[in-house]
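Got the model open in your viewer? Keep the selection box handy and follow along.

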Amino acid sequence: MLLTLTTTHQPATDLGYLLHKNPARLQSVEITGGQAHVFYPEATAERCTAALLLDLDPIGLVRGRGGAPGEGFALEQYVNDRPYVASSFLSVALSKAFGTAMNGTCKDRPALPAEALPLAVTVAVVSAPGPDWPRRLFEPLGYEVETTAYPLDPTQPAWGDSPYYTLHLRHDGLRLRDVLTHLYVLLPVLDNDKHYYVDQNEAEKLLHRGGDWLPRHPERGFITRRYLRYRALYVNPALARLLETDELPDDTSPPGPLSKKEGEPNASSMTGAPSFLERGSGGEVPLGGEVPTEGDQRLSLHDQRLQQVAHEIYQLAPKRVLDLGCGEGKLLRLLLRQPKIEYILGMDVSHQALARAAQRLHLAEMPPRQRARLDLIQGSLLYKDDRLAGFDAAALVEVIEHLDPSRLAALEAVVFGHARPAHVFVTTPNADYNQLYESLSAGTFRHADHRFEWSRAEFAAWATAVAARYGYQVRLVGLGEEVEGVGAPSQLAVFGLS
Ligand code: SAH
């Protein structure tokens, strides 16, 4: 991946002083997984361009993970987009190569870092969750933003564009340190596939690098959440400190002993804050699990997955939402907390699951206005059902793997062909990740009722084919903490009518 920084500030070669890198020499720094090279394709008094070329070694990346690649997954570990997409690796390279500049220090020209310069930045390539995201992230900071998209497959124009773009940013006058800081924080936010675990340090880094500008950024919630990888625990206090406003739900204290009964309304449901600001599932005790104790800061994988899905749904501002295969209603509970969703329909084939959902959501005791927002119906996803028509979004969370593969075509026809919601959110376990479960022997599934578990490649192939067949576009998202080489524990496909 290649990042260039160009200025026409006079004399333009001041860029060399600011970056602490001599324009006459090629300089290289080592980072985990590869090398970053800094050089200047042009360096005249009128115009100077510094380039940072990040050369990641896919084999080094796998080795850096420690341990030999698991059999059967070896190729995917080596063949992925990590070597060419701007990601957290580029942030690490930026801070390593240009750390002094990022801190605003310039020994030879102490006044220079405070000067606003005309700057142009090109990054090839970035991946983004949608074509409008580069603009939404960089325009509020005063950049002119352009992106060049690439087709998914040049021989298949109907497939549309890939999630990869060359990013062009321009600013009339900004301090170099600000540009570097914006890139440092926002490139991994666009990419959303951080290569290291998030811990309290990451929250601190974000506060340090984003402290000046992030609190005023209209997408600060999205940025903080993606930067911190959906770890609600860190997001809440980090956001609270960044914003220092009363916009946050009351429920931002660190996890402590359970104070609410299951089903009791959550304070945050009144604020309209998205679900990622919420901790756990409103203090609910996982079925068959332990009661979280004080200091127990983990969210179960399923809770994390549900919160991420709820957040993805919320971002599309749907009014009518379907939860297909709603089970005991954990997602329904999160959706109910989002006041902008006017109506939610939960469907399941299992009467028992629906009865449990009604009980857990305290349906019988709900105030009439809340009660009118939710219905539970029994039905099968294998049969066309007119009750499912006219919705803005449908979720199928960990449902498809419960069906025999030969039945999937029927489900596709029911959901994508007949019900045709504007958006469909499908999650399923990522089989690539199973090798990390020590108790799971090769070839077995995570749950006795699973009929299959798909690798990321298999899920992507299915999702792309379904989208093409039914006129949807699709994007794939990892759910849960990413691990190099194997991805996140679960995977989400977000379909949108094209
Ligand atoms: N979405 C829930 C439950 C997942 S378990 C959650 O994330 O917590 C899978 C659910 O799919 C079960 O509740 C099961 O009853 C339901 N299911 C399985 N086959 C179905 C079908 N053909 N039609 C509708 N629901 C189905």
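Here is a short walk from the sheet to its helices and one buried helix.

This is a predicted model, so local features need pLDDT of at least 70 and side-chain atom pairs pLDDT 80 or more, while totals for chains, interfaces and linings use all residues. Residues count from 1 along each chain as its sequence is written, and side-chain values use heavy atoms, leaving out hydrogens and water.

Start with the strands (DSSP E runs of at least two residues, numbered from the N terminus, as are helices, H or I runs of at least four). Seven of them, 7 strands in the order β2-β3-β4-β1-β5-β7-β6, make an open antiparallel sheet; strands pair if DSSP finds at least two bridges between them. At the edges sit β2 (27–31) and β6 (144–151), each pairing on one side only.

Now zoom in on β6 and β7 (161–174): 7 bridges join this antiparallel pair. Select E146 and you'll find H168 of β7 opposite.

Next, show α6 (176–191), which packs on the sheet and touches β1, β5 and β7; contact means heavy atoms within 4.5 Å. The direction of α6 makes about 15° with that of β5, using axes fitted to C-alpha atoms (for helices, over the stretch in contact) and angles from 0 to 180 degrees between N-to-C directions.

Hop to V125 in β5 (117–127). V125 is buried at 12% relative accessible area, where buried means under 20%, exposed over 50% and partly exposed in between (1.4 Å probe, protein chains only). Its C-alpha lies 8.7 Å from that of L3, 122 residues away along the chain.

Last stop: α8 (220–227). Why is α8 largely enclosed by the rest of the structure? Because 8 of its 8 residues are buried, including F222 and Y227.
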